[in-house]
Amino acid sequence: MLAAVSALVGAGVVSGCTVPEAQSTVPTADPAPGMPIASSRRAQLMQILAHPDDDLYFMNPDTQRMLDAGVPLVCVYVTAGEHNGLNRVPGHHGEVRSDRAAYSSARHQGLRQAYATLLGLDKFTPWTRGVASLRGDRVAEVDTLSHGTRRVELVFLNLPMNTSRERAALPALWRDRGLGVHTVMAKDSPLRRTVPYDYDGLIDVLVGLMDQYRPTVIQTLDPDPDIQHSNEATRRKDSEQPGYSDHADHTATACFSWAAMVRWVRDATADGGRVPGFVATAFRGYYNRHWPKNLPPLVLKKKASHLVPYGGDPRWSCGNPSGCGDYSVGGVRPLRNRKGWVRSTHHRYPGLRPVAVSGPDGRISAYGVLGLRAVRWRETGPGSGRWGAPDDLGGGPLAPTLGAATLRDGRQLLFALRFAAIGGRGASNRREIVLLEQRAPGGEFLAWNGLGSPEGSDDGSRRIGVPVAVTAADGRVHLFVRNASRGLSTRVRRADGTWDRWRDLGGEDIQDGLSAVVDGAGLVHVFAAGRASVHHWAQSAAGGPVEFREGGPGALPVPGGPVSALPSADGGVELFYRAPASARLLSVRAGGAPARTRRIRELDGYGPVSVAAVPGGRVFLGRDQNGRIQLVTPAGRMLWRDALGSPSLVVHRSGVTAVGMEVNAQPWILRRGRAETGVAG
């Protein structure tokens with residue numbers, strides 16, 4: 001079983017989450033399949049942040065879309081955000097006195113102002129402020145505001161950003177044995193005492209909050225950021241941690257969050273309990289600075305507007321004596337900031353949610369991740385549009401998106417990025433690719449199999465991307481992942497079911513969100529969004545190696561995000577992607593003569609687009625500029641409400657179907673003229 005092939009070994013490397021000399025990792029639930037899964041008709045969003053403003057910079061517009069849909073939200077802020085205590089006013093050159101408790105209070109007020117406007121209320125709308133009891137005799141401030149059926153709760157744990165020795169406290173708390181810290185008491189808070197935290201205490205409090213709120217969606221920061229992009233001087237100026245392109249607090253908070261999710265599932269399933277039915281989404285942080293921007297002007301304007309009330313203004317009469325926001329952030333400053341964090345929103349684990357396929361009996365199966373474990377939903381009957389209860393396929397803890405390939409005999413292969421080990425205080429932190437293979441078409445599955453990682457170190461394994469796979473005409477399955485060097489690595493499954501070794505295919509500076517297809521001549525192609533162009537790997541002959549194709553006169557235009565590829569009737573491959581900072585969806589031919597682009601106006605919006613060929617034309621699935629799902633077929637255009645991540649397209653005998661995930665962690669089906677949600681029974 002997976003537990004055996006993923007023995008918790010290996011030495012960590014110093015980073016935002018690891019140190020050498022491994023001790024023990026966070027215990028996981030049994031990875032064997034067949035556990036009962038809890039379900040909820042009530043959606044609940046929880047997001048776990050390092051600092052006030054992380055959600056506004058890195059998680060919107062996703063958070064905003066769910067709030068607009070009436071999903072209740074609880075935000076957990078781990079640190080007090082007190083930094084150096086200087087709430088500087090841009091353009092004001094007088095002396096500013098350091099007051100960490102006051103700066104924390106002002107940032108909290110900024111959040112209340114921002115979320116009041118997100119709820120459609122006046123920014124100075126009063127909140128109900130109180131004290132919540134947490135595990136371990138700890139307490140936290142909880143501020144609550146409702147508007148109709150919509151509700152926001154802000155939970156301030158208020159751990160310090162720095163230790164008494166002026167070290168970053170959260171990374172040290174994750175890393176160091178025996179370290180403890182006391183919370184910061186923000187001014188004007190209803191709290192009357194500070195409380196201690198250590199490594200186990202913080203994880204326990206987060207598990208307790210998850211168990212209390214029972215979220216169906218948990219949003220976190222990035223536990224495994226990219227290796228450093230910038231030179232050392234720029235890294236320091238941008239507050240990025242040594243060696244990695246994100247703030248050290250973001251990484252540590254994300255590691256604590258994922259460790260807490262792992263422990264929550266383990267505790268909940270002990271003694272035959274149910275797997276919590278939630279989905280997780282991790283967001284990139286300072287990564288946004290280093291890549292082409294992916295939000296069009298209309299979406300960006302709305303996202304940036306919510307940082308204005310957060311930043312506030314010292315002239316405002318907000319009722320908070322310690323300040324009316326984080327003054328360096330207000331006004332137009334987020335849009336003018338050279339770092340450009342607000343101009344993009346990137347998921348750490350991009351891909352289809354769920355992966356949907358048509359089975360041999362005509363029923364659609366949807367594969368996703370619930371409670372960090374793989375699951376399968378199946379239609380109750382061909383074309384019924386109703387789902388049976390999810391089947392637990394085990395394998396956890398898994399990243400949120402799966403890769404898939406269908407063998408020539410109709411059997412399904414599922415691929416996942418697994419948290420093979422996660423833990424602080426010197427424990428191993430390692431990721432690996434794992435495989436689940438179906439016994440017979442439409443049937444049950446064999447045991448999970450570990451495929452390892454293209455990286456030789458634990459630290460390198462944490463940088464790899466989501467697996468993408470495709471079955472070639474000769475029956476071989478080509479598996480691809482983005483590697484730690486931001487290039488492409490592959491493993492190939494031979495027709496007899498054995499696997500060759502990992503190989504580095506070269507290339508550099510690509511983003512995750514790969515697209516792999518087989519063209520009309522049986523050649524395998526892989527495409528990835530790069531910094532200056534689309535990167536392309538392909539076979540020169542059927543059965544040959546996949547190799548990197550250097551750009552030249554036909555180099556492809558700069559992409560703003562993931563690329564979708566579709567084999568064309570004449571044997572070529574057509575690509576679809578959005579231009580940087582634009583709502584436009586472009587269509588361009590891969591290879592050959594200099595690229596000529598055309599715009600597909602019906603698909604103006606943002607984010608990735610799925611595309612499939614059908615009789616009479618093509619079908620597209622993506623978001624409009626309001627975040628709604630739009631299905632465009634030769635017969636017309638349908639709009640559907642929001643979905644988590646990127647929904648799937650399935651082409652089958654009776655037509656085409658879109659399958660996505662609701663915020664209550666249940667799948668939906670969208671067919672031309674009909675939409676269905678929920679699980680039967």
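Helices are taken here as DSSP runs of at least four residues, numbered from the N terminus, and in this predicted model Met210 belongs to one of them, helix α6.

Helix α6 comprises residues 199-213, and the distance of 22 Å between its end C-alpha atoms agrees with the 21 Å that 15 residues should span at 1.5 Å a residue. Eleven of these 15 residues are buried, so the helix is largely enclosed by the rest of the structure. The buried residues of α6 include Tyr199, Gly201, Leu202 and Ile203, as well as Val207, Gly208, Met210 and Tyr213. Met210 itself has a relative accessible area of 0% and is therefore buried, and its C-alpha atom is separated by 17 Å from that of Tyr199, eleven residues away along the chain. When neighbours within four places in sequence are left aside, Met210 is in contact with Met46 and Ile48, with Pro215 and Ile218, and with Ser257, Ala260, Met261 and Trp264. Just after α6, the backbone at Arg214 adopts a positive phi of about 50°.

In soluble globular proteins, nonpolar side chains tend to be buried together. The largest nonpolar core of the model holds 127 residues, and those with the most contacts inside it are Tyr115, Leu157, Leu202 and Phe415. Helix α8, which covers residues 248-269, supplies the largest share of this core, with eleven residues. Apart from this core lies another, of 15 residues, among them Val369, Leu398, Ala416 and Val434. The surroundings of Leu157, with residues up to four places away in sequence not counted, include Val76, Tyr77 and Val78, together with Leu134, Ala140, Thr183 and Tyr197. Leu157 also touches Leu202, Val205, Leu206 and Leu209, and these four residues are among the buried residues of α6.

A further set of contacts centres on His229, which is found in the loop between β8 (217-221) and α7 (232-237). The side chain of His229 makes a polar contact, at 3.3 Å, with the side chain of Arg531. Beyond residues up to four places away in sequence, His229 touches Ser245, His290, Trp291 and Arg486 as well as Arg531.

Strands of a sheet pair through backbone hydrogen bonds, either parallel or antiparallel. In an open sheet of four strands, arranged in the order β30-β31-β32-β33, the pairing is antiparallel. Strands β30 (606-614) and β33 (636-640) stand at the edges, each with a single partner strand, so that one side of each is left without a neighbour in the sheet. From one strand to the next, the twist of this sheet averages 15°. At one edge, β30 pairs with β31 (residues 617-623) in the antiparallel sense over six bridges, with Val614 having Gly617 as its bridge partner in β31. The hairpin formed by β30 and β31 has two residues between the strands, and Gly616 takes a positive phi near 95° in this hairpin. At the other edge, five bridges join the antiparallel strands β32 (residues 629-633) and β33, and Thr633 stands opposite Gly636 in β33.

Most residues other than glycine have a negative phi, and most peptide bonds are trans. Two positions in loops depart from the first of these tendencies in their backbone geometry. Asp188, with phi near 65°, lies in the loop between β6 (180-182) and β7 (196-198), and its relative accessible area of 34% makes this residue partly exposed. Ala665 likewise has a positive phi, near 65°, and is placed in the loop between β35 (655-661) and β36 (667-671); at 5% relative accessibility, however, Ala665 counts as buried.

Cis peptide bonds were also identified before two proline residues. One joins Arg353 and Pro354, with omega about -5°, and Pro354 is located in the loop between α11 (333-336) and β10 (355-358). Another joins Gly396 and Pro397, with omega about 0°, and Pro397 has its place in the loop between β13 (391-394) and β14 (398-406).

Note on methods. Residues are numbered from 1 along each chain as its sequence is written. This is a predicted model: local features need pLDDT of at least 70, side-chain atom pairs count only at pLDDT 80 or more; totals for chains, interfaces and linings use all residues. Side-chain values use heavy atoms; hydrogens and water are left out. Two strands pair if DSSP finds at least two bridges between them. Axes are lines fitted to C-alpha atoms, for helices over the stretch in contact, and angles run from 0 to 180 degrees between N-to-C directions. The expected span of a helix is 1.5 Å times one less than its number of residues. Buried means under 20% relative accessible area, exposed over 50%, partly exposed in between (1.4 Å probe, protein chains only). A nonpolar core is a set of buried Ala, Val, Leu, Ile, Met, Phe, Trp, Tyr and Cys residues joined through side-chain atoms within 4.5 Å. Contact means heavy atoms within 4.5 Å. A polar contact is a pair of N or O atoms within 3.5 Å; within protein, one must be able to donate a hydrogen and the other to accept it, and residues adjacent in sequence count only if both atoms are side-chain atoms.
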